[in-house]
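Visitor: I would like a close look at one part of this model, the place where two helices pack against each other. Please describe that part with care, and then set it beside a few other elements of the chain.

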Amino acid sequence: MRSKTKYVPVPSKSILPERDAGRAPVLECIKLGITLGGIKAVEDFNLTVGRTEIVGLIGPNGAGKTTVFNLLTKVYQPTTGTILLNGQDTHGMDTRQVNKAGIARTFQNIRLFRNLSVIDNVKTAMNNEMNYNMVSAILRLPNYRREEVAAHRRALKLLSIFDMQSMADAPAGSLPYGAQRRLEIVRALATNPSLLLLDEPAAGMNPSETADLMDNIRKVHEMFQIAIILIEHDMSLVMNICEGICVLNFGHIIAKGTPDEIQNNPAVIEAYLGRKKEA
C-alpha cells in the first residue's frame, strides 16, 4: 500500500514531499503551453516535481497528458512557457540533449528494437557513456573492449532488477508483452535519468501483471532515488503508488493534490463522470 507522504511549502510557492524540501526540484514547468493546428493542446501548465517524488498525471482521453510528455522530452517544442530540468532551462534543446540532461521515458506503444537481443536493447541506451571512437570499435582496440565489457555487466545488473537477466540473449520481440514493458523501463534506466516518465506502463496488462509492475516501480524508486511521473488510466495503480497527482482536462490543469484530495475533488469527478443532471 502507498504510505502517506507529508507535503510542505517551499520557497518557489510550490509544495514538495518533506524529504525533498531542502533540495532544488528536479522539474519545474512554468506556464507551459503548445498550440497544434490552431488548437491550444496544453495551456498554462505549471508543475513542480521533487527530486524523489512519484507524481501521477491523469485525465480523460485527449486531455493532453502525452502532449506534456512530448513537451518535456522535446518531441514538441513549447509554444509558450519554460521547462527547468535540474535548474537548467531546456529551451533550444533537442530530444537527445534533454535525455542527456536527465529525462528518460517509455511510450504508450512499445518501441523496442525487436530484432536485437534484450541486452543489446539496453546497451543502446548507454551511448552517452561510451568514450571510444569508431576506429577503436572497428579495430577492437583495448579501450573499446573494456567499455563493452563494462556496458555488458551494467546491462545485466539492470536486467536483474526485474529478474530478466536469463532473457538477455533472446530477441526483444520474442518476449511476452509484460516483459517487453519491463524491458522498456530497464532501457530508460540505462540512460541514468534523474526523472523517469512512464506513459501508460500498465496498458494491456492483466491484474497480476499490473500488481507486479507496481512492485517494480516501487523497487526502481527505492533503488535509484529518482523522480517519476506516471501517466496511467488504471486508477488503482495511480492511487496506490503516486504521492501527488495532477489532473488535466482539455489541456488545462483542473486539480493538483494528494490521492485522497483528488479522489474527492468535484472538478475531477465531473471531468471523468460528467456533470450530474438535476432532478
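Guide: What follows begins with the helix pair and then turns to a loop, another helix and a sheet.

The model is a predicted one, and the pair in question consists of helix α6, residues 177-189, and helix α7, residues 207-224, whose axes come within 11 Å and cross at roughly 15°. Since angles under 35 degrees count as roughly parallel, α6 and α7 are therefore roughly parallel to each other. The crossing in which α6 passes α7 is right-handed. On the α6 side the contact is made by G178, R182, I185 and L189, which meet E209, L213, N216, V220 and F224 of α7. Sorted by class, the residues in this contact are five nonpolar, two polar and two charged. A general point about helices helps in reading such a list: an α-helix has 3.6 residues a turn, so residues three or four places apart point the same way.

Another set of contacts involves F107, a residue of the loop between β8 (103-105) and α3 (118-123). Leaving aside residues up to four places away in sequence, F107 touches R181, E184 and D199. The C-alpha atoms of F107 and L198 are 7.0 Å apart in space, although the two residues are separated by 91 residues in sequence. Because buried means under 20% relative accessible area, F107 counts as buried at its 19% relative accessibility.

Burial is also the theme in helix α1, residues 65-72, where seven of the eight residues are buried, so that this helix is largely enclosed by the rest of the structure. The buried residues of α1 are K65, T67, V68, F69, N70, L71 and L72. Just after α1, K74 adopts a positive phi of about 65°.

The last element to set beside the helices is an open sheet of four strands, ordered β4-β3-β6-β7 and paired in the antiparallel sense. Its edges are formed by β4 (39-49) and β7 (88-89), each of which has a single partner strand, so one side of each is left without a neighbour in the sheet. For β4 that pairing is with strand β3, residues 27-36, and the two run antiparallel over seven bridges. Within this pairing, T35 has K40 of β4 as its bridge partner.

Methods: Residues are numbered from 1 along each chain as its sequence is written. This is a predicted model: local features need pLDDT of at least 70, side-chain atom pairs count only at pLDDT 80 or more; totals for chains, interfaces and linings use all residues. Side-chain values use heavy atoms; hydrogens and water are left out. Axes are lines fitted to C-alpha atoms, for helices over the stretch in contact, and angles run from 0 to 180 degrees between N-to-C directions. Angles under 35 degrees count as roughly parallel, over 145 as roughly antiparallel, 65 to 115 as roughly perpendicular and the rest as oblique. A crossing is left-handed if the near helix is turned anticlockwise from the far one by less than a right angle, and right-handed if clockwise. Contact means heavy atoms within 4.5 Å. Ala, Val, Leu, Ile, Met, Phe, Trp, Tyr, Cys and Pro count as nonpolar, Asp, Glu, Lys and Arg as charged, and the others, Gly among them, as polar. Buried means under 20% relative accessible area, exposed over 50%, partly exposed in between (1.4 Å probe, protein chains only). Two strands pair if DSSP finds at least two bridges between them.
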